[in-house]
Amino acid sequence: MRFEQKKKEIAAAHRALAAYGLNEGVNNHISCRVEDGASKSDIILMAPFGIQWDDLLPEDILEVTLDGKMLSGNAWIDLDFITRERSLLSKPAARCCVLFALSSVQGPREHQRNRAHALDQNSCRFLLNTLYEKTYDGIATSQSEEAQRISNLLFQAPNREVLVLANHGILTFGKTLAVAFDHAYYFERAVEVQFLAFKAGPVKLIDKDTAVKTAKQLEQNKIPFAMVHLESFDENLMRLWALWCAQGTTKSRDNIVLRAHSSGVRLF
């Protein structure tokens, strides 16, 4: 299987975010832009629409050219969606992205606190790398201009790895999928703690100098810590993937799940 390791990472990230409760039905997405050694051009790796995130396997991941041609997999592709992904992933520092809806961010939005304040260590990591967009203009589909407007925001702040979209959700980016995934998880946790703290009463924020120092420390160490985080799910997925391959792809997913449970493989 081509891009086997990257596809395992994408499947693991889907399953991990589902385990954390950061999926929303079959909506939202995770995608990566990689170089195709055969054609010497970039392609996009992404999951097909319609599969539950906690049911995704590496074999499901699609390979799509930047002009929307399917190289592997069998799924309907919206060409406007591919155009948007090509734009989102056009920066060297944004080769992978995660789009998801936060469960905890709605409360802070309602109270006009729609940003991660320096309340704890987790929130400090988003002090310097996050862009907050306050405009909402409807659903971001191929029939609207909202998707392109969102893509254009990234070029206004090229060094930002987190984009908080008013009434949409969150986009996180990274040179690696591990970083984009790690940002997604910790932004949710930071906002969750913030929401609970603000509900309880007056809060004491970390002073600006210490918050900036902490942000820079976390930035220096983000890649190795993010890799360990994602690999903890990737290793579990590899055990499940081995069972899937042993059964053969003609077997049903239900059989694989049953065999995984009987073999002691945790399915998140």
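Two residues are in contact when heavy atoms of one lie within 4.5 Å of heavy atoms of the other. The exercises below concern a predicted model.

**Exercise 1. Determine which residues T130 touches, and describe the setting of T130.**

Solution. Begin with the location: T130 belongs to strand β6. Next, consider its exposure. The relative accessible area of T130 is 4%, and buried means under 20%, so T130 is buried. Then list the contacts, leaving aside residues up to four places away in sequence: T130 touches R160, V162, V164 and F187. Finally, examine the polar side of this residue. A polar atom of the T130 side chain lies 3.1 Å from the backbone oxygen of F126.

**Exercise 2. Classify the ring pair formed by Y20 and Y185, and state where each residue lies.**

Solution. A pair of aromatic rings is described by the distance of the centres and the angle of the planes. The structure holds 5 aromatic pairs. In the pair of Y20 and Y185, the centres are 4.3 Å apart and the planes stand at 40 degrees; planes under 30 degrees apart would count as stacked and over 60 as edge-to-face, so this pair is tilted. The pair links distant parts of the chain, with the two positions 165 residues apart: Y20 sits in the loop between α1 (4-19) and β1 (29-36), and Y185 sits in helix α6 (residues 177-200).

The exposure of the two residues follows. Y20 has a relative accessible area of 24% and is therefore partly exposed. For Y185 the value is 16%, so this residue counts as buried. As a last step, place both residues in their wider group: Y20, F181, Y185, Y186 and F233 form one aromatic cluster.

**Exercise 3. Classify the pair of F126 and F187, and decide whether these residues are buried or exposed.**

Solution. The ring centres of F126 and F187 are 4.9 Å apart, and the angle between the planes is 75 degrees, which makes the pair edge-to-face. This pair also links distant parts of the chain: F126 is in the loop between α4 (121-124) and β6 (130-133), whereas F187 is in helix α6, 61 residues apart. Both F126 and F187 are buried. The result can be joined to Exercise 1, since F187 is among the residues that T130 touches and F126 supplies the backbone oxygen 3.1 Å from a polar side-chain atom of T130.

**Exercise 4. Establish how many residues of β5 are buried, and which strands pair with β5.**

Solution. Strand β5 spans residues 96-100, and 5 of its 5 residues are buried. Sort them by direction: C96, V98 and F100 point one way, while C97 and L99 point the other way. Now turn to the neighbouring strands. β1 and β5 run antiparallel and are joined by 4 bridges, with I30 having V98 as its bridge partner in β5. β5 also pairs with strand β8 (residues 169-174), again in the antiparallel sense, over 5 bridges; here F100 stands opposite I170.

**Exercise 5. Compare the span of α6 with its expected value, and identify what follows the helix.**

Solution. Helix α6 has 24 residues. From its first C-alpha to its last it reaches 35 Å, close to the 34 Å expected at 1.5 Å a residue. The residue after α6 is G201, which has a positive phi near 140 degrees.

**Exercise 6. State how many helices and strands the protein has, and what share of its residues is buried.**

Solution. The protein has 9 helices and 8 strands. Of its 268 residues, 48% count as buried.

Terms used. Residues are numbered from 1 along each chain as its sequence is written. This is a predicted model: local features need pLDDT of at least 70, side-chain atom pairs count only at pLDDT 80 or more; totals for chains, interfaces and linings use all residues. Side-chain values use heavy atoms; hydrogens and water are left out. Rings of Phe, Tyr and Trp (its six-membered ring) pair if their centres lie within 6.5 Å; planes under 30 degrees apart count as stacked, over 60 as edge-to-face and the rest as tilted. Buried means under 20% relative accessible area, exposed over 50%, partly exposed in between (1.4 Å probe, protein chains only). A polar contact is a pair of N or O atoms within 3.5 Å; within protein, one must be able to donate a hydrogen and the other to accept it, and residues adjacent in sequence count only if both atoms are side-chain atoms. Two strands pair if DSSP finds at least two bridges between them. The expected span of a helix is 1.5 Å times one less than its number of residues.
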